[in-house]
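Colleague: I would like a close look at one helix and its packing partners. Please keep it plain, and then place it in the wider chain.

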Amino acid sequence: MATQALYRRYRSQTFDELVGQEHIVRTLRNAIVDGRIGHAYIFTGPRGVGKTTVARLLAKAVNCLAEPAERPCGTCSMCTAVAEGSAVDVIEMDAASHTSVDDAREIIERVQFRPAIGRYKVYIIDEVHMLSTAAFNALLKTLEEPPNHAMFILATTEIHKVPATILSRCQRYTFNRHNVGDTVAHLREIAVQESITLEDGAAEAIARAATGSMRDALSIFDQLMSYGGGTITLQQIQGLLGVTAAQEITALTDALLDADVGAALSVVARVAAQGADIRQFSRDIVNHLRLVMLVKADPQGTELDVAESEADSIRSQAQRAQMAGLVAWLRRLSELDFELRTSPYGQLPLELAVVEAIAAPRLAPQSTPVPAARPQPATPTHTRSEPVRSSEPARPPLVQPVRSEPVSADPAPAEPARAHAPEQPVSAPTRTTEERSDAGAPVLGERVPFIDVTDLTERWPAIVRDIRAKNRNLEALIKSGIHPFEVSEDAVTLKTDTDWLLAKVQERPNILLIEQILERHTGKIYRIRSVAATQKREATNAKREILRDTSNIPIVKAAMNVFDADVVGIETPEKED
Ligand SMILES: [Zn+2]
C-alpha cells in the first residue's frame, strides 16, 4: 500500500496540475465552460496514464461550486469531498471487483435516484470491460434514456472488450502514454517537494523503466525513497529494476559505430558487473538502435520521446551510422531476447552478438547470413615453395579435405602441368581473399573462390587421387593423358592427348565422377567439357586457312594495304532484331 502513497499524494487536484493528456484536458475544459456535459464518457488507454485521475477531475468539475472557468477549483466543499472519497453523489466502482451480477447491476440502477447534494450523480466505473453481462445490460438500458442528472465515466485498458452498444453511446477519449520528458519533469518536481536528491540520469532511468505510466514511475520513486538517505542513485535504480543507465547504452552504440570490439565488450562486462538484467539491457539497446535508425531515415521528421541528452546522442549517432549496419545490428540483437532467456551462459549471447555485429557486417551486409558449412582448414596440396607462401596473405580454403589421411604427406609426383607454371607464386591471393579473410567460410551461392587453370592444375593430383578412390580405371586414363586446359565461370575444359582418351573421358559416368570430385575440391559445380589436343590442332589449322583465304579477298587486301594491317580474326555481324 505504501507504494501507492506517492501517486495518491500527488494526484492532480485541478486540470492545471495534470501532467500530459493536453488534448483531453482542453476538450473537457471547453465542455465544462460551455455547459455541454455529456451523460457518458469512456476513457481508454494503458494503465497508469491518468484515466481515473481525469475521471475524478471531471466528477469534481460538474459539481464544483466555483465559476465554470475555474472548475474544478479543488478547494470547494464538493471538490474536497470527491478528493477525500466522501462525496455521496460520486460513486466509484471497480468493475473487476464488482463482478457479481446483482451487485453491479443494483448500483447502476440506483442512478435513477436524484443526487443528494450536487448537480450530477456521477458513476466512475474502472475496468468497465470486466462488468458482467447483466450489469452491461443495466448500463445499456440506463444509457439509452439517461436521467438528466446522470453521468457515467467509464475507464478501460481493453476497449475492444467493451460492447459496441455501450461504446456508441459514449464520448470516447484515448489517453496516451506519458512521454519521458513529462515524466522526468514530474519526478523532479516531486523530488523537490519531498527533499530528495536525484542523481544525474536517475529521473530518466525511472521514466524509461515506467514506459509511459506515471503511476509506475511514482511507484518506483516511492520504493527508492524508502531506501532512505535522501538521495536516489543510479545504482539503486539498477539494483531495484535491473535497468541500465543511458550512458551505457550510448557507450555500446558508440562502440558498435567505431567497430571497437574491446570497448563494446567492456560495456557488457560493466553492465553485467553492476548486476543489471542483461536481457533488459539488450532490449534497451535494441530500442536505442531503433531510434537511431528512425532518425537516420528521417532526421527532421522523427520525434524522440527520450530525455534531452539521450536525444542528442541519438542524433549524432544517426549521422555517423550506416543504414545497412543499423539494420544488420537490429536484426542480430533483436534475436537476443530469446537467446538470453534460454542460454545458461549469462551475458555470453550478448557478447557474441556484439562481436558479430562489429566483425561481421561484411559477412552479410543486406541479408541474413547463409549458414554455410564451415570447411576445415585447407589441407595443403602444395608442399613445395613454402617459403614464398608463408609471407603471403592467408590463402582461402579452396580445397575441402575429402580424405581422412593428410594429402600433403604424399608429395605429388612431378606433373606435366607444373612444367609450365613453375616458380610463379601460384598461390597469389585470389580476388576474393580480402572479402573472405574474416568470413572464414565461402558462402555457397555467393562468391566462391576464383579458380584459374593454374590453381586447378596445382590441385589436379589431389583430385586424381580422389578419383582413384572411386574408379581406378578412370584414374589410369587421366594419368595417361588428360589435363586441365581451361577454367571458365561454370565449366572446366579438359585436354586429352588422344582422340581415344577424349572418347573415354566423355563417357557419362566418367564425366559425372570428375564433376563430383571437382565440386568437393572447389565448393562449386563445374561442367566438364573436353577437347582433344589433336582436334585443337586441327581447329587451329582450319582457322589459319580461313584467314589466308580472307586475305585474298580484294577489298580486304586493299584495307590491309591502306592500314598496313593483318587479318587477325573474323567476326560475323550480329543480326539486328
Ligand atoms: Zn470546486
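Modeller: What follows begins with helix α18 and then moves outward to the rest of the chain. Keep in mind that this is a predicted model.

Start with α18 itself. This helix covers residues 348–359. Two helices that pack against it are described here, α16 and α13.

Take α16 to begin with. It runs over residues 323–334. The axes of α16 and α18 come within 10 Å, and they cross at roughly 160°. An angle over 145 degrees counts as roughly antiparallel. Therefore α16 and α18 are roughly antiparallel to each other. Their crossing is right-handed.

Which residues of α16 and α18 meet? From α16 come W329, R332 and L333. From α18 come A353, E356 and A357. By class, the residues of this contact are four nonpolar, no polar and two charged.

Now turn to α13, residues 261–273. Helix α13 packs with α18 at an angle of about 160°, and the axes are 10 Å apart. That angle makes α13 roughly antiparallel to α18. The crossing of α13 and α18 is right-handed.

On the α13 side, the residues are V261, A264, L265 and V268. On the α18 side, they are L350, E351, V354, V355, I358 and A359. The classes here are nine nonpolar, no polar and one charged.

Put the two contacts of α18 next to each other. Toward α16, α18 offers A353, E356 and A357. Toward α13, α18 offers L350, E351, V354, V355, I358 and A359. Find these residues in the picture and follow them along the helix.

A further helix pair gives a useful contrast. Helix α8 spans residues 180–193, and helix α10 spans residues 214–225. Their axes come within 11 Å and cross at roughly 40°. This crossing, too, is right-handed. In α8, the contact uses T183, H186, L187 and I190. In α10, it uses M214, A217 and F221. Five of these residues are nonpolar, two are polar and none is charged.

Just past α8 sits S195, in the loop between α8 and β6 (197–198). Its phi is near 55°, a positive value in a residue other than glycine. Is S195 buried or exposed? S195 is exposed, because 7 other C-beta atoms lie within 10 Å.

Q21 also has a phi near 55°, again positive in a residue other than glycine. Q21 lies in the loop between α1 (2–9) and α2 (22–34). Its surroundings are another matter. Q21 is buried, because 23 other C-beta atoms lie within 10 Å.

One more loop deserves a look. P72 is placed between α3 (51–63) and α4 (77–84). A cis peptide bond joins R71 and P72, with omega about -5°.

Now step back to the whole chain. The chain has 577 residues, and buried residues make up 34% of them. Its secondary structure comes to 27 helices and 10 strands. Consider the contacts with a separation of 6 or more. Of these, 73% are between residues 24 or more positions apart.

The largest nonpolar core has 104 residues. I153 and I206 have the most contacts inside this core. Helix α14 (residues 278–297) gives the core its largest share, eight residues. Leaving out residues up to four places away in sequence, I153 touches Y41, F43, A55, L58, A59, V122, Y123 and I124. There is also a second, separate core of 18 residues, and I463, L502, I517 and A532 are among them.

L477 belongs to helix α23 (residues 472–479). L477 is partly exposed, with 19 other C-beta atoms within 10 Å. With residues up to four places away left out, L477 touches I482, L501, K504 and V505. Take K504 from that list. L477 and K504 are 27 residues apart in sequence, but 7.9 Å apart in space, C-alpha to C-alpha.

Finish with S551, which is in helix α26 (residues 533–551). S551 is exposed, because 12 other C-beta atoms lie within 10 Å. S551 and D566 are 15 residues apart along the chain, and their C-alpha atoms are separated by 8.1 Å.

Terms used:
Residues numbered from 1 in each chain as written. Predicted model: local features only at pLDDT ≥ 70, side-chain atom pairs only at ≥ 80, totals over all residues. Axes fitted to C-alpha atoms, helices over the stretch in contact; angles between N-to-C directions. Helix = DSSP H or I, 4+ residues; strand = E, 2+ residues; numbered from the N terminus. Parallel < 35°, antiparallel > 145°, perpendicular 65-115°, else oblique. Left-handed = near helix turned anticlockwise from the far one by under 90°. Contact = placed C-beta atoms within 7 Å. Nonpolar A, V, L, I, M, F, W, Y, C, P; charged D, E, K, R; others polar. Buried ≥ 20, exposed ≤ 12 C-beta atoms within 10 Å, placed from the backbone. Core = buried A, V, L, I, M, F, W, Y, C linked by C-beta atoms within 7 Å.
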